[in-house]
Amino acid sequence: ANSIPQPCIDSIAEYIRDPCFRPELVKTKSQAAAGLCAWVVNMNKYHGIRCEVKPKEERLAEAQERLARSKGELKKVQDRVSELKAKLGALVKQFDEAVEDTRQIEAKAKKTQDKANLAERLVSGLAGEKSRWAATIEELKTKSS
């Protein structure tokens with residue numbers, strides 16, 4: 001629709017090559033013929049330009065198609081990255097919670113160990129008191145008898 005068939009261009013080639021087939025020269029003979037001459041010359045130029053542009057348009061269409069495919073693939077990759085970021089966020093949150101739980105458990109364990117150490121010292125201290133009390137009881141028994 002946007003091009004002139006090659007047989008038509010071939011049929012005007014002999015006129016285009018003729019040095020007298022120029023609108024400014026034909027105008028001296030007929031204004032109407034000069035208009036037609038200019039139209040034929042310009043349509044020939046259009047065909048030449050169109051022949052240069054058409055392959056470029058085809059390459060552009062192919063490039064746009066590749067771009068559309070690439071954008072589709074990029075969208076898939078970006079969606080996957082978003083999905084993985086969400087999973088990573090959840091895992092990081094889970095990790096942080098586990099670290100906090102570990103810290104709390106370690107703090108409780110240290111507190112419990114400190115209490116156990118204190119209880120051990122208390123029991124050890126009271127063990128010495130037991131023998132002293134036993135000796136005092138024996139002493140009191142001997143005095144009272």
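Here is a quick tour of this protein chain, from its overall shape down to one buried arginine.

What you're looking at is a predicted model, where local features need pLDDT of at least 70, side-chain atom pairs count only at pLDDT 80 or more, and totals for chains, interfaces and linings use all residues. Residues are numbered from 1 along each chain as its sequence is written, and side-chain values use heavy atoms, leaving out hydrogens and water.

**Overall shape**
- The chain has 3 helices and 0 strands, with helices being DSSP runs of H or I of at least four residues and strands runs of E of at least two, numbered from the N terminus.
- Its C-alpha atoms fill a box of roughly 165 × 25 × 20 Å along the principal axes.
- Just 8% of the 145 residues are buried, meaning under 20% relative accessible area with a 1.4 Å probe, protein chains only; exposed means over 50%.

**Helix α1**
- Helix α1 covers residues 6-17, and its end C-alpha atoms sit 16 Å apart, which agrees with the 16 Å expected for 12 residues at 1.5 Å a residue (1.5 Å times one less than the number of residues).
- Its buried residues are I9, I12 and I16.
- Seen down the axis, those buried residues fall within an arc of 80° (using directions from the axis to the C-beta atoms), so they line one face of the helix.
- That buried set packs against α3 (31-144), while P7 and E14 are exposed on the other side of α1.

**R50**
- R50 belongs to helix α3 and is buried, at 13% relative accessible area.
- Neighbours within four places in sequence aside, R50 is in contact (heavy atoms within 4.5 Å) with N2, S3 and E57.
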